[in-house]
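Hi,

Here is the structure I promised to pass on. Have a look at it first, and then read my notes underneath.

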Amino acid sequence: IKTSIDRGIPVFIGSQSIQGDVNLSLYECGRQALESGAQSIGQMTVEAAYVKLLKILRLTSHPDAIIRMFHEKRAGEI
């Protein structure tokens with residue numbers, strides 16, 4: 001994760017559980033990911049996050065903008 005972040009590649013972590021919520025601060029592994037710069041997709045499904053990222057990447061490739069736009073509500077996905 002840290003290597004990707006250092007190279008300017010945002011990292012998003014999700015859950016395959018349909019009703020799962022990603023709380024990176026709950027367990028040690030998640031805290032380490034969070035400290036490395038990983039972002040949680042929260043309650044969004046992995047599929048919704050994937051489509052959202054595809055749309056964002058058509059607009060920008062700047063890591064800070066990608067993260068900011070990802071956390072903005074666009075179509076009721078958050």
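Below is what I found, going from the whole chain to the helices and then the core.

First, some housekeeping: this is a predicted model, in which local features need pLDDT of at least 70 and side-chain atom pairs count only at pLDDT 80 or more, while totals for chains, interfaces and linings use all residues. Residues are numbered from 1 along each chain as its sequence is written, and side-chain values use heavy atoms, with hydrogens and water left out.

The protein has four helices and two strands (DSSP runs numbered from the N terminus: H or I of at least four residues for helices, E of at least two for strands). Along the sequence they come in the order α-β-α-β-α-α. The C-alpha atoms fill a box of roughly 35 × 30 × 15 Å along the principal axes. The radius of gyration is 12 Å, which agrees with the value near 12 Å for a compact globule of 78 residues (it is taken over C-alpha atoms, and the globule rule is 2.2 Å times the number of residues to the power 0.38). Of the 78 residues, 33% count as buried (buried is under 20% relative accessible area, exposed over 50%, partly exposed in between, with a 1.4 Å probe and protein chains only).

Now helix 3, residues 46-59. Its buried residues include Ala 49, Lys 52, Leu 53 and Ile 56. They cover an arc of only 100° around the axis, so they sit on the same side of helix 3 (the arc is that of the directions from the helix axis to the C-beta atoms). On the other side, Glu 47, Tyr 50, Lys 55 and Arg 58 are exposed. The buried residues of helix 3 pack against strand 1 (12-13) and helix 4 (63-70), where contact means heavy atoms within 4.5 Å.

Helix 4 buries Ala 65, Ile 66, Ile 67, Met 69 and Phe 70. These pack against strand 1, strand 2 (39-40) and helix 3.

What about the core? The largest nonpolar one has 15 residues, and Phe 12, Ile 41 and Phe 70 have the most contacts inside it (such a core is a set of buried Ala, Val, Leu, Ile, Met, Phe, Trp, Tyr and Cys residues joined through side-chain atoms within 4.5 Å). Helix 3 and helix 4 are the elements that give it two or more residues, and the largest share, four residues, comes from helix 4. Leaving aside neighbours within four places in sequence, Ile 41 touches Phe 12, Val 22, Ala 49 and Phe 70, among others.

Cheers
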